[in-house]
There are 2 protein chains.
Amino acid sequence: MKRLRVNPAESCDEPHGPRASRPVDPRALEAAAGFFRAAGDAGRLRILTQLRDGERCVSDLAAASDDGMSTMSQRLKVLRVEGLVRRRRDGKHILYALADAHVLALVDTALAHAEDHRKESA
Amino acid sequence: MKRLRVNPAESCDEPHGPRASRPVDPRALEAAAGFFRAAGDAGRLRILTQLRDGERCVSDLAAASDDGMSTMSQRLKVLRVEGLVRRRRDGKHILYALADAHVLALVDTALAHAEDHRKESA
DNA sequence: TAAACGTTTCATCGAACGTTGAAATGATGG
DNA sequence: CCATCATTTCAACGTTCGATGAAACGTTTA
């Protein structure tokens, strides 16, 4: 019995390279995509780089960016929902920080890679 | 001379935590954001996870995803422009692969972090 | 050279996104 | 308890993004 295919045009005759391991769980994939998406905006990524130096309140971040507090708050919310930053209250202020070492590593690695890529595509 | 501020409301009285290091180069920041943005889509991220096992041609990837080749090609273009994948021709096929070890590390770390985050926010 | 094949480009459409200012929230300190 | 201050929410707007199918492209094979 010859193998059938819904759309014959959408496949090579033979696979290339090593065989595939089992597909990644769709939930984990969507979560990781959300994680990347949260970091995939210059404004939000700038916040992450600022938080590498330690905790910051919204006002500090807003003052350093020439963007309003509303804008900053919305960015921080995205980052928080996706698990990139934590927050805690300190007096009148709410201090934000990177969620964990993973996030720090991700940011540093991406910046390093981006520099490499920019150099070699120039 | 008292220090002036454009908008007094947009700052705390004093900074929190260690002092800031110099701001990240805007170009590098935009490049890194583009990098994250490229990975920040479930369809494109799935491609990256598939490429962890080795090179794949467009048709293989399309067949494994129930998405058309056109869609797959556009996803791959985004990934390529942002420097996440490389490609080379092999006969009639064009084989795609992860650009370098950075990308592999980024994907694995994000998946690991996403799993952690999903568990603790449940 | 011509036919066949795999891949890319193009234009379009609806959905999702980011910014903004105004109004609401909520904790703090007097 | 009230006034204040920092932060968040809301709704609206313009912009960007991703999927789709048809047509164009470029290689390979006959």
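## Relation between the two protein chains

Copies are superposed here by least squares on the C-alpha atoms of residues with pLDDT of at least 70 in both. In this predicted model, a rotation of 180° with 0.0 Å of shift along its axis brings chain A onto chain B, with an RMSD of 0.1 Å. That is the relation of a two-fold axis. The same surface serves both copies, since 100% of the contact residues of chain A recur in chain B.

## The surface near DNA strand D

Around DNA strand D there are 22 residues, of which A:S59, A:R87, A:Y96, B:R44 and B:Q74 come nearest. Of the atoms of DNA strand D that come within 4 Å of the protein, sugar and phosphate account for 73%.

Among the polar contacts, a phosphate oxygen of DNA strand D is 2.5 Å from an N or O atom in the side chain of A:Y96, and a phosphate oxygen of this strand is 3.4 Å from a polar backbone atom of A:I94. The bases are reached as well, with a base oxygen of DNA strand D 2.4 Å from an N or O atom in the side chain of B:Q74. The elements giving two or more residues to this surface are α3 (58-63), α4 (69-81) and β3 (93-98) of chain A, together with α4 (69-81) of chain B; α4(A) gives the most, with five residues. By class, the surface near DNA strand D has five nonpolar, nine polar and eight charged residues.

## The surface near DNA strand C

DNA strand C is likewise surrounded by 22 residues, and A:R44, A:Q74, B:S59, B:R87 and B:Y96 come nearest. Sugar and phosphate make up 69% of the atoms of DNA strand C that come within 4 Å of the protein.

Chain A contributes a polar contact through A:R75, where an N or O atom of the side chain is 2.6 Å from a phosphate oxygen of DNA strand C. From chain B, an N or O atom in the side chain of B:K77 is 3.4 Å from a phosphate oxygen of the strand, whereas a polar side-chain atom of B:S70 lies 2.8 Å from a base oxygen. At least two residues of this surface are supplied by each of α4 of chain A and α3 (58-63), α4 and β3 (93-98) of chain B, and the largest share, five residues, comes from α4(B). The residues of the surface near DNA strand C divide into five nonpolar, 10 polar and seven charged.

Notes:
Residues numbered from 1 in each chain as written. Chains lettered and ligands numbered in written order. Predicted model: local features only at pLDDT ≥ 70, side-chain atom pairs only at ≥ 80, totals over all residues. Heavy atoms only, no water. Contact = heavy atoms within 4.5 Å. Near = heavy atom within 4 Å. Polar contact = N/O pair within 3.5 Å; in protein donor to acceptor, adjacent residues only side chain to side chain. Helix = DSSP H or I, 4+ residues; strand = E, 2+ residues; numbered from the N terminus. Nonpolar A, V, L, I, M, F, W, Y, C, P; charged D, E, K, R; others polar.
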